[in-house]
Amino acid sequence: MGGGYAGLHAAAAIERSGVPVTVVDRTGRHDFVTRLAAVAGGTAPAEDASRPLESFVDRVMVGAVTEVADGSVTMTDGRTLVADAVVVTAGSAPSRPPVDGIEFVHHLRSAEDAVALRRSVGNASSLVIVGGGATGVQLAGAAAVAHPSLTVHLVEATPGLLQGLPEAVGAGARRILEHRDVTVHLGAGVDRITARGAVVDGNLLEGLVVWAGGFSAMADRYDMPTAADGRILVDSALRVHGHERTFAAGDIAAHRNGRDDHLPMSAQIAVRAGTAAGRNAVRAVRGEPLETVDLRQLGWVIDLGGRRGLAQIGPINLTTVGADLIPPLLHDAIDLKDLLEIGGFLALRYASAPVRSLFANPLRCWPSRTPQPLADVAG
Ligand SMILES: Cc1cc2nc3c(=O)[nH]c(=O)nc-3n(C[C@H](O)[C@H](O)[C@H](O)COP(=O)(O)OP(=O)(O)OC[C@H]3O[C@@H](n4cnc5c(N)ncnc54)[C@H](O)[C@@H]3O)c2cc1C
């Protein structure tokens, strides 16, 4: 259930074991969520946002699942699909905080959001992004590169960008963004949103408002056991509490590491958990003992567009001038690795446009003195 990062990795693991698998997805497309800030900001083309699921798996069913039982899923139109095992990977959705005027904001979570936002950003003269986490920071970076005359405000409630990452990473993001004339408001509170912009600490920041203030799983709508944060409770084999043949992985599952700490919602965790859940689903079908899954977040790679970015990989932070050229290359390398895992060698043709153009002209990866908009792919 769900053809995102966790779902397609689960499907690939199940297919590799020779068990037939069907992916049920409400849109029928795989969204490349980690590319969406570049698409919305305008440094990557709209076609980079998603691909039909048939590009990666043979059996696809388009439909939104409303009910999950132990061994079946039911869709909005009443169709029920019965299976030996179910892997729930329906992702997350933007949180809707109780802020006045929240109905005026734009979101960035799906390919559809990214393509719509890309059009709006292209027509705007000012952009106000609320939330200085990975989504907000990446969108601010891409929009500032693709539209140099756009006024960009980035509003964050805490004292630093990229909370949860080492301070140097947040400071590095601020350095790059301010170099691009993004105005970073730290420790700033949004009073309300209006049709004209966001009122922040009493001042109206005019512009298109994007709410990048977090995501939640809201899995209780499927009548599944959930943790306080709305994510599905799973055991160490990623099996849903109280279920025999239902597994959950990715943003929708309350994953924990070996020390019992909650793990963040990330593509990295979704990929590893999806693969593990797929393998354990096969074991459950075959009556074999399930494997304990050891998950951990190894770090973060943040691509700010314009061939600059930041990374934290274990104890190593890539944040300084010069080192900031490496994260965008890592981001593209991870994207290629994921494509290989879900679709084999042929899937590499779905690499992002900047990577495809790099194959066409390898010298493009040579750093230019100033970040250049990818003008040829931005239109
Ligand atoms: C803009 C942005 C940038 C990000 N960048 C990074 C990054 O650089 N690195 C990183 O590690 N993480 C990043 N993340 C987080 C990461 O993308 C998510 O953690 C990841 O997508 C989770 O994968 P998933 O498979 O759980 O969910 P998704 O990839 O969202 O897939 C969920 C799928 O389920 C389908 N679905 C949902 N509901 C139903 C239903 N009822 N019935 C059927 N199908 C359904 C959806 O259509 C979708 O295809 C980013 C997130 C955003 C929003």
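**Asking how we know**

Me: In this predicted model, what makes Arg109 a polar contact of the ligand?
Reply: An oxygen atom of the ligand is 2.8 Å from an N or O atom in the side chain of Arg109. A polar contact is a pair of N or O atoms within 3.5 Å, so this pair counts as one.

Me: Which ligand atom pairs with the side chain of Tyr222, and what makes that a polar contact?
Reply: The ligand offers a nitrogen atom here, 3.0 Å from an N or O atom in the side chain of Tyr222. With the cut-off at 3.5 Å, this pair is therefore a polar contact too.

Me: And what about Ser266, which uses a backbone N or O atom?
Reply: That backbone atom of Ser266 lies 3.2 Å from an oxygen atom of the ligand. The limit is 3.5 Å, so the pair qualifies.

Me: How much of the ligand does the protein cover?
Reply: On its own, the ligand has 990 Å² of accessible area, and the protein covers 93% of that.

Me: Which residues come nearest to the ligand, and which helix supplies the largest share of the shell?
Reply: Of the 34 residues around the ligand, Ala6, Asp25, Val65, Arg109 and Asp251 come nearest. The largest share, 3 residues, comes from H6. The shell divides into 16 nonpolar, 13 polar and 5 charged residues.

Me: How do you know that the length of H4 agrees with what is expected of a helix?
Reply: H4 has 13 residues, which should span 18 Å at 1.5 Å a residue. The end C-alpha atoms of H4 are 18 Å apart, so the two values agree.

Me: Why is H4 called mostly covered?
Reply: Of its 13 residues, 11 are buried, and buried means under 20% relative accessible area. Among them are Gly136, Val137, Gln138 and Leu139.

Me: Why is Leu238 called buried?
Reply: The relative accessible area of Leu238 is 4%. Buried means under 20%, so Leu238 is buried. Leu238 sits in the loop between strands S17 and S18, and its phi is near 70 degrees, a positive value in a residue other than glycine.

Me: Why is Asp260 called partly exposed?
Reply: Asp260 has a relative accessible area of 49%. Exposed means over 50% and buried means under 20%, so Asp260 falls in between and is partly exposed. Asp260 lies in the loop between S18 and H6, and has a positive phi of about 70 degrees although it is not a glycine.

Conventions:
Residues numbered from 1 in each chain as written. Predicted model: local features only at pLDDT ≥ 70, side-chain atom pairs only at ≥ 80, totals over all residues. Heavy atoms only, no water. Near = heavy atom within 4 Å. Polar contact = N/O pair within 3.5 Å; in protein donor to acceptor, adjacent residues only side chain to side chain. Areas by Shrake-Rupley, 256 points an atom, 1.4 Å probe, with all protein chains shown as cover. Helix = DSSP H or I, 4+ residues; strand = E, 2+ residues; numbered from the N terminus. Nonpolar A, V, L, I, M, F, W, Y, C, P; charged D, E, K, R; others polar. Expected span 1.5 Å × (residues − 1). Buried < 20%, exposed > 50% of the residue type's maximum accessible area, 1.4 Å probe, protein only.
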